[in-house]
Amino acid sequence: MSVDREVALLPGGFRLDVSASRLSDAERAEILADPGFGRYFSDHMSIIYWDANEGWHGACVTQVRPFTIHPACVVLHYAQGVIEGLKAYGRADGSVWLFRPLLNARRFRKSAARLALPQLSDDLFLASLISLVQVDRAWVPTNDRECSLYLRPFMFGAEVGLGVRPSPRVTYAVIASPAAPYFPAGTDGMRLWVGKYPRAWEGGTGSVKFGGNYASNLVAEIEAKEYGCDHVLFLDDDGCVQESGTMNIFAVTAEGELVTPRLGTILEGVTRASVLALATAHGLAPTERRFSFEELKQGCISGKIREVFAVGTAAVVNPIVGFKGPQCEFAVADGLPGPQSRALRDHLLDIQYGRRPDPFDWMVEIPDLAQVKGEEPR
């Protein structure tokens, strides 16, 4: 659909200010042929403003452009900001779908509340995603390589001033980035380093999706690479398993139990919740509980634990084949990716791309903007 260079109103109530510097079809096609992850961005972004007097206002889809912020903007000094991440999936029939976006909306509200930021309603959150994808629908990859359009909603305190207090002015936005499969050539599994750096603690911000959690973990990831590992395994103060880098972690036992750490100090992952829901279809009994690294180690060595894998929006399901630490090194089973992790990954992707039924009604279709407006695509 062609969109004239004018201000219009989108079906979701967002004002549309069409970018005057959109890439040509040829330029966009070149990017979509090899997008990588997080390297390129679509032509537009959604944006909404909030202040203590007006509440949410100014909802708009407009040209992607740099923010102009004062050096004393509170987010630069006190990290009052939260993020989300989800994908839009293009299917063989030309339709485009979101995967469980209301779970992201709920998590975004919880993160915002923990950082003393205003909470965005489900309707506004969903409209900000749908409106952006409707305008930049041509950026959704349509090949058969399991590519997608990654969506990054985020919110930050925009007040100018030095003082530790909740910001009375906030900016919310969504940007979109075409993404190739996280492991385009497949994966032989990853090895995790069990280091010295803690990730989170009871009552902290471990369950919040905000930049501080990621920045504070970088030194642990650097240490993992120095020891020849792919990512780090985080443990709590009692030596219990928390997360695998930026992903939730699962273990499959010989008794058919699918074990994952309970919520509290870890991120409430959308992929995590979905894998738990799919477990019984694969003959696994889902269990959320604390389990120690010692239990994990002894289980892998004895054969009681058959598979270990990590999950997240970007990587989907990523097998873990070994662990290494200052005083230990061991493999999981035969040191190769296992069948259950592969089956769960395929099941999840098949639902997302419409290759398998969706009995949970997880998928949300994004209407084509031309059809919504009663126009013929041009």
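**Figure 1. A closed-off space: the largest cavity in this predicted model.** We start inside the protein, with the largest cavity, whose volume is about 120 Å³. Its lining is made of 15 residues, and the ones closest to the centre are Lys87, Glu146, Pro181, Val316 and Arg345. Where do at least two residues of this lining come from at once? Both β6 (86-90) and α8 (339-352) supply that many. Helix α8 has the largest share, with 3 residues. Sort the lining of the largest cavity by class and you get 10 nonpolar, 2 polar and 3 charged residues. This isn't a lone gap, by the way: the structure holds 3 cavities of 30 Å³ or more.

**Figure 2. The second largest cavity, with β6 and α8 back in view.** Here the space comes to about 100 Å³. There are 13 residues around the second largest cavity, and Tyr89, Phe99, Thr271, Thr313 and Gln352 lie nearest its centre. You've met two of the contributors already: β6 and α8 each give at least two residues to this lining, and so does α6. Which element has the largest share of the second largest cavity's lining? That is β6, with 3 residues. By class, the count for this lining is 6 nonpolar, 6 polar and 1 charged.

**Figure 3. The largest pocket, an open space this time.** Its volume is about 640 Å³. A total of 34 residues line the largest pocket, and if you look for the ones closest to its centre, you'll find Tyr150, Lys209, Tyr214, Thr246 and Ala314. Several elements chip in with at least two lining residues each: the strands β8 (148-157), β9 (169-179) and β16 (305-312), plus the helices α5 (211-226) and α6 (270-278). Helix α6 may ring a bell, as it also supplies at least two residues to the lining of the second largest cavity. Which element gives the most to the pocket lining? It's α5, with 4 residues. What sort of residues make up the wall of the largest pocket, by class? There are 15 nonpolar, 13 polar and 6 charged ones.

**Figure 4. Strand β17 and its two hairpins.** Now zoom in on β17, which covers residues 316-325. Is this strand mostly covered or mostly open? Mostly covered: 9 of its 10 residues are buried. On one side of the sequence comes β16, which forms a hairpin with β17, leaving 3 residues between them. These two strands run antiparallel and are joined by 5 bridges. To find one of the partners, pick out valine 308 and look across to isoleucine 320 in β17. The other hairpin is made by β17 and β18, with 2 residues between them. Strand β18 (residues 328-331) pairs with β17 over 4 bridges, again in the antiparallel sense. Here you can spot glycine 322 standing opposite alanine 331. Remember Val316 from the first view? It's one of the residues closest to the centre of the largest cavity, and β17 begins at residue 316.

**Figure 5. Strand β10, with a parallel partner in both β17 and β11.** Strand β10 takes up residues 190-193. It is joined to β17 by 4 bridges, and the two strands run parallel. Look for methionine 190, which stands opposite isoleucine 320 in β17. That isoleucine 320 is also the bridge partner of valine 308. Which strand pairs with β10 over 2 bridges? That's β11 (residues 231-235), and the pairing is parallel here too. For a landmark, find tryptophan 193, whose bridge partner in β11 is valine 232.

**Figure 6. Stepping back to the protein chain as a whole.** After the close-ups, here's the wider setting: 9 helices and 19 strands. Along its principal axes, the C-alpha trace spans about 65 × 55 × 35 Å. How does the chain's radius of gyration of 22 Å fit with what a compact globule would have? The two agree, because a compact globule of 378 residues would have a radius of gyration near 21 Å. Buried residues make up 52% of the 378 in the chain. Finally, take the contacts between residues at least 6 apart in sequence: 70% of them join residues at least 24 apart.

Definitions and conventions
Residues numbered from 1 in each chain as written. Predicted model: local features only at pLDDT ≥ 70, side-chain atom pairs only at ≥ 80, totals over all residues. Heavy atoms only, no water. 1 Å grid on protein atoms, 1.4 Å probe; cavity = no way out; pocket = protein on both sides within 12 Å on 5 of 7 lines; lining within 4 Å. Points joined across faces, edges and corners; volume = space filled by probe spheres on them. Nonpolar A, V, L, I, M, F, W, Y, C, P; charged D, E, K, R; others polar. Pairing = 2+ DSSP bridges. Rg over C-alpha atoms; globule rule 2.2 N^0.38 Å. Buried < 20%, exposed > 50% of the residue type's maximum accessible area, 1.4 Å probe, protein only. Contact = heavy atoms within 4.5 Å.
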